[in-house]
Amino acid sequence: LMHAHIRTGCLRAAFELSKVIFNLDGDTDPVGMIYNIEYLAIRSSNTQWLTDAANTFRNEGHTVALLPICSFGMALCGGPDRLRHAVRGVRSWPELANLLVKADENGIRHKQLSHGVAHPSDGSSSEVIIKCYVSRMNDIWGQYANQQILLQAIDVVNNEVSAEQLQDNIQERTVLLGSHHSHLNPNAIVGTVDEIMAGLRSEADRRRLRSMWTPEMNLLPDPVRESLLDTLTGSDFSLLKTMNPFMLFLSLLCPWNSVPKYMMKVLLKRWREDNVTEAKEWDREIQLHRRIGQIQRERQREFDAMQ
């Protein structure tokens, strides 16, 4: 619902909804709603709320106080302390600062931390948090004014902070965070229109294909049916490239056929060839199913005759 509000431009409604979702379990935040809260607060011009919330998290020693929202997020809110908050963010999250610097048209980042801080790739909580933050906030930090503040903050840290101090900050942050947000999927934080619409189209296709199934196909093992659906709802229909074009053309001339139905027949034929034992078991179930149906129809006719 929140992503639906974002797609329709109702940013304030999405912002209020994100706060409600976060407050359901703010201690663990199992869906990573805090990243959307920061994004929506900036986009809907609720920067004062974001500043007050960040200060509250820091005063209460909340886990959120360790996240970029309480440093980089406050820098995005503007005000005279903007640079100070950005410097604190670069000190606490130097790997993230390097990723937020935009590259030029040649793909070159002209300014980064000179201490050579590496981006974590160990599957830790820090790595997931950095990916979530970049996926949600990268566009906002790419704006010219925000880039200038970020570059100034990197200059300050390069001049005033040693590599050993940065490593100590990273180690302390890692210990304090523990496994917080390590379970999140960074790709699910944004929920872009393309991803959501692709999912809706896929589910609609699956429902349409299920409506084409014969009763016998419902007797297939669940993994086989799901595999058929996955192949048939593929975006490129690569299976068509392996078919005989002439036979495909002739098959589609029949009014009861269609590309999905024809593909379904081809897939079932291939499955039978690759799984002879399971195919024989399926045939026995089909025969039993048809026999049961025949008996039921006979009994129904006898019942109707008695009436």
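**Exercise 1. State the handedness of the crossing of helix 2 and helix 3, and then describe how the two helices pack.**

Helix 2 passes helix 3 in a left-handed crossing, where left-handed is the case in which the near helix is turned anticlockwise from the far one by less than a right angle, and right-handed the case in which it is turned clockwise. The model is a predicted one, in which local features need pLDDT of at least 70 and side-chain atom pairs count only at pLDDT 80 or more, while totals for chains, interfaces and linings use all residues. Residues are numbered from 1 along each chain as its sequence is written, and side-chain values use heavy atoms, with hydrogens and water left out.

Helices (H or I, at least four residues) and strands (E, at least two) are DSSP runs numbered from the N terminus. Next comes the geometry: helix 2 and helix 3 pack at an angle of about 150°, with their axes 9 Å apart, the axes being lines fitted to C-alpha atoms, for helices over the stretch in contact, with angles from 0 to 180 degrees between N-to-C directions. The two helices are therefore roughly antiparallel to each other, since angles under 35 degrees count as roughly parallel, over 145 as roughly antiparallel, 65 to 115 as roughly perpendicular and the rest as oblique.

The last step is to list the residues in contact (heavy atoms within 4.5 Å). Helix 2 contributes Leu11, Ala14, Phe15, Ser18, Lys19, Ile21 and Phe22, and helix 3 contributes Met33, Ile34, Ile37, Leu40, Ala41 and Arg43. By class these residues are 10 nonpolar, 1 polar and 2 charged, where Ala, Val, Leu, Ile, Met, Phe, Trp, Tyr, Cys and Pro count as nonpolar, Asp, Glu, Lys and Arg as charged, and the others, Gly among them, as polar.

**Exercise 2. Work out how far helix 3 is enclosed, and describe its contact with helix 4.**

Buried means under 20% relative accessible area, exposed over 50%, and partly exposed in between (1.4 Å probe, protein chains only). Of the 11 residues of helix 3, 10 are buried, so this helix is largely enclosed by the rest of the structure; among the buried residues are Tyr35, Asn36, Glu38 and Tyr39.

The axes of helix 3 and helix 4 come within 8 Å and cross at roughly 145°, and the crossing is left-handed. Ile34, Ile37, Glu38, Ala41 and Ile42 of helix 3 make the contact with Thr47, Trp49, Leu50 and Phe57 of helix 4, a set with 7 nonpolar, 1 polar and 1 charged residues.

**Exercise 3. Compare the settings of Asp29 and Ser45, and say which is buried and which is exposed.**

Asp29 lies in the loop between helix 2 (11–24) and helix 3 (33–43), and its phi is near 45°, a positive value in a residue other than glycine. Asp29 is buried, with a relative accessible area of 3%.

Ser45 lies in the loop between helix 3 and helix 4 (47–59), and its phi, near 60°, is likewise positive in a residue other than glycine. Ser45 is exposed, with a relative accessible area of 62%.

**Exercise 4. Identify the residues that touch the most other members of the largest nonpolar core, and follow Leu150 outward to the contact of helix 6 with helix 9.**

A nonpolar core is a set of buried Ala, Val, Leu, Ile, Met, Phe, Trp, Tyr and Cys residues joined through side-chain atoms within 4.5 Å. Of the 52 residues in the largest such core, Ile34, Phe72, Tyr133, Trp141 and Leu150 touch the most other members, and helix 8 (residues 125–141) gives the most to this core, with 9 residues.

Not counting residues up to four places away in sequence, Leu150 touches Phe72, Val90, Ala97, Leu100, Val101 and Trp141. A second, separate core of 9 residues includes Leu268, Trp271, Ala279 and Trp282.

Both Val90 and Leu150 take part where helix 6 meets helix 9, the residues there including Leu83, Ala86 and Val87 of helix 6 and Ile149, Ala153 and Val157 of helix 9. The axes of helix 6 (residues 82–92) and helix 9 (residues 144–160) come within 8 Å and cross at roughly 60°, which makes helix 6 oblique to helix 9. The crossing is right-handed, and the residues of the contact divide into 11 nonpolar, 2 polar and 3 charged.
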